[in-house]
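This report describes how selected strands, helices and side chains are arranged in one protein chain. Please keep the sequence and the structure in view while reading.

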Amino acid sequence: MSQIRVSNLTFAYEGSPYDVLKNVSFNIDTDWKLGLIGRNGKGKTTLCNLLLGKYSYQGSIVSSVHFDYFPFKVNESDLEKTADELISIWKPQVESWQVLIQMNEIKMDPECLYRPFKTLSHGERTRVMLAALFAGENEFLLIDEPTNHLDIKARKIVKEYLAKKKGFILISHDRDLLDAVCDHVLVFNKATVEVQAGNFSSWWENKQKKDTFNAAENEKHLKEIGKLRESIKRSRSWADKNESTKIGFDPLKDHDRCIDTRAMIGAKTKKMQSRVTSYEKRVDREIEEKEGLLKDIEKVVDLKLNPLAFHKETLIEARDLKLSYEGGKELFDGLTFKVNRGDRVVLSGENGCGKSSVIKAIFQLLNEKNLDHELENKDINKNSARLIIEGRFLVSSGLIISYINQDTSHLKGKLHDFCIERNIDKSLLLAILRQLDFEREQFDKNMEDFSEGQKKKVLIASSLLTPAHLYIWDEPLNYIDVFSRMQIEKLILQYKPTMLLVEHDVRFQEKIATEVVRL
């Protein structure tokens with residue numbers, strides 16, 4: 001065991017006037033299983049890149065270990081190579097037998113090592129990379145969001161695998177994963193960075209208690225500050241009034257005064273003014289202390305939604321539904337479910353089982369009815385292969401849908417142009433993004449320069465501004481930070497919109513789903 005010491009770490013990207021990290025200091029042990037928690041854009045991935053030595057920075061990072069990072073970079077040309085060939089590039093010091101041992105631990109068929117990488121599913125690619133990552137020795141590993149795009153089964157396998165390991169930083173917004181895997185957390189608060197023993201739930205419980213205590217202390221400070229301000233006001237008024245009597249007096253009315261009285265009044269006034277100055281300094285200290293109490297409180301702002309009421313009880317009905325692609329394989333057969341008004345139906349199943357294809361089939365049916373003008377479906381890939389729909393599948397006419405695609409690659413250009421294209425109010429979009437903890441300086445950037453979490457927030461904000469009968473969200477929480485997930489959960493439970501979702505976050509499913517349909 002050794003320590004990694006980070007002191008006064010400050011970093012800003014070239015050309016940016018804003019620091020991503022500022023005076024960050026912490027110490028961690030290299031045998032910890034450390035969860036890295038924080039809002040999108042707080043610098044979690046940037047910290048990993050600094051530990052890897054990718055950028056120059058101010059401050060110091062002292063460590064005796066070698067760092068390695070997940071996910072490994074995969075170029076378009078790499079997709080034709082086998083995983084075994086790629087591992088020789090990613091980890092040249094590692095031999096195939098070492099990777100095969102890890103693949104057995106992570107429940108993978110050894111044959112996956114010798115298949116072209118493009119033929120592997122998201123879950124298989126993730127597990128191969130993790131097996132290669134942990135096949136090395138004497139390394140401290142940086143694991144960046146390993147469960148994005150993974151189904152529940154693959155997430156469970158990854159969770160059980162990481163729980164057996166140690167010596168890593170895990171960046172994740174999956175509360176279930178953080179609880180099962182981590183024994184320490186490194187938290188990027190609003191203004192500070194802290195290290196704490198325990199997992200996400202223990203940290204969150206402590207944070208809520210601390211925030212409640214600090215808010216109560218803040219109320220006490222506000223009352224004390226109010227009393228001090230009143231005292232200052234009275235004393236200042238008395239001092240000013242007394243000062244005005246030093247010069248000039250009526251001998252008939254003030255027969256007991258003389259010129260020598262002026263010195264006495266001046267001395268008393270000076271003493272009172274000194275007391276007022278002392279009060280003011282105390283108020284300044286109280287205010288500074290109050291601000292210190294509140295600086296890390298996460299204010300999860302309530303979001304708003306304006307769902308439309310549909311005239312029919314049933315919006316979508318599938319009975320013995322069978323989907324397949326023209327000239328391709330059958331996706332599934334015998335699927336039955338309904339989406340009624342007020343339902344929040346989650347489609348669940350392994351990657352590739354056809355969850356997103358159900359969504360595509362809905363849009364395909366609506367488009368066949370020439371209802372494009374009623375759809376917010378600009379993100380649907382209309383050029384992909386046509387679906388063959390068999391069995392009973394009814395989608396109500398006149399249905400207005402607000403859609404979030406799991407893919408964000410189409411987001412390019414300025415937010416201003418995005419609002420014009422979607423016919424949404426720019427000021428309202430920016431207001432929601434601010435509520436989702438978007439920094440103002442991000443608004444002037446091109447969307448392709450946003451982090452994945454920030455891109456997802458743009459799509460979520462756009463959907464929230466679209467009045468609709470049905471909200472169809474395909475993996476909306478990938479890359480979204482924990483606090484924003486809590487905001488979205490609260491929003492859904494408060495407004496109870498009719499929804500059809502694909503989402504693998506177990507905690508999210510448990511909180512918001514009225515029905516889980518397993519494919």
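## Strand S12 and its partners

Two strands are said to pair if DSSP finds at least two bridges between them. By this rule, strand S12 pairs with strand S18 (residues 515-518) in the parallel sense, over four bridges. The model examined here is a predicted one. Within the pairing of S12 and S18, Leu347 stands opposite Val517. S12 also pairs with strand S17 (residues 499-502), again in the parallel sense and over four bridges. Here Val346 has Leu501 of S17 as its bridge partner. In general, the strands of a sheet pair through backbone hydrogen bonds, either parallel or antiparallel.

Is S12 enclosed by the rest of the structure or open to the outside? A residue counts as buried when its relative accessible area is under 20%. Five of the five residues of S12 (residues 344-348) are buried, so this strand is largely enclosed by the rest of the structure. The burial applies to both faces: Arg344, Val346 and Ser348 lie on one side, Val345 and Leu347 on the other, and all are buried.

## An open antiparallel sheet

Three strands form an open sheet with antiparallel pairing, in the order S11-S10-S14. Strand S11 (330-340) and strand S14 (387-395) are the edge strands, since each pairs on one side only. On average, neighbouring strands of this sheet are turned by 10° against each other, direction ignored.

Strand S10 (residues 314-325) is joined to S11 by seven bridges in the antiparallel sense. One pair of bridge partners consists of Leu323 and, in S11, Phe332. Helix H9 (residues 355-368) lies across S10, S11 and S14, and it runs at about 75° to S14.

## The buried side of helix H11

Which residues of helix H11 (residues 426-435) are buried? They are Leu429, Leu430, Ile432 and Leu433. These residues cover an arc of only 160° around the axis, which puts them on the same side of H11. The general background is that an α-helix has 3.6 residues a turn, so residues three or four places apart point the same way.

The buried residues of H11 pack against two helices, H10 (415-422) and H12 (452-464). After H11 comes Asp437, whose phi is positive, near 70°.

## Two nonpolar cores

The largest nonpolar core has 47 residues. Leu130, Phe134, Ile143 and Leu170 have the most contacts inside this core. Helix H4 (residues 122-135) supplies its largest share, eight residues. Not counting residues up to four places away in sequence, Ile143 touches Phe70, Leu130, Leu133, Phe134, Leu162, Phe168, Ile169, Leu170 and Ile171.

There is also a second, separate core of 35 residues, which includes Phe418, Leu433, Ala461 and Ile512. Leu433 is also one of the buried residues of H11.

## Aromatic pairs

A search of the whole structure finds 16 aromatic pairs. One of them joins Phe67 and Phe140 in an edge-to-face arrangement, with 6.0 Å from centre to centre and 85° between the planes. This pair links distant parts of the chain: Phe67 belongs to strand S5 (residues 66-70) and Phe140 to strand S6 (residues 139-144), 73 residues apart. Phe67 is buried, with a relative accessible area of 9%, and Phe140 is buried, with a value of 1%.

A further pair is formed by Trp204 and Phe483: their ring centres are 5.8 Å apart and their planes stand at 55°, so the pair is tilted. Trp204 lies in helix H7 (residues 200-243) and Phe483 in helix H13 (residues 482-495), so that this pair, too, links distant parts of the chain, 279 residues apart. Both Trp204 and Phe483 are buried. Ring pairs link these two residues with Phe200 and Trp203 into a cluster.

## A buried glutamate in a loop

Glu145 is located in the loop between S6 and helix H5 (152-163). Is Glu145 buried or exposed? Its relative accessible area is 15%, and Glu145 is therefore buried.

Apart from its neighbours within four places in sequence, Glu145 is in contact with Phe70, Ile171, His173 and Tyr479. Among these, Phe70 and Ile171 are also touched by Ile143. The C-alpha atoms of Glu145 and Asp174 are separated by 8.5 Å, while the two residues are 29 residues apart along the chain.

Definitions and conventions
Residues are numbered from 1 along each chain as its sequence is written. This is a predicted model: local features need pLDDT of at least 70, side-chain atom pairs count only at pLDDT 80 or more; totals for chains, interfaces and linings use all residues. Side-chain values use heavy atoms; hydrogens and water are left out. Buried means under 20% relative accessible area, exposed over 50%, partly exposed in between (1.4 Å probe, protein chains only). The arc is that of the directions from the helix axis to the C-beta atoms. Contact means heavy atoms within 4.5 Å. Axes are lines fitted to C-alpha atoms, for helices over the stretch in contact, and angles run from 0 to 180 degrees between N-to-C directions. A nonpolar core is a set of buried Ala, Val, Leu, Ile, Met, Phe, Trp, Tyr and Cys residues joined through side-chain atoms within 4.5 Å. Rings of Phe, Tyr and Trp (its six-membered ring) pair if their centres lie within 6.5 Å; planes under 30 degrees apart count as stacked, over 60 as edge-to-face and the rest as tilted.
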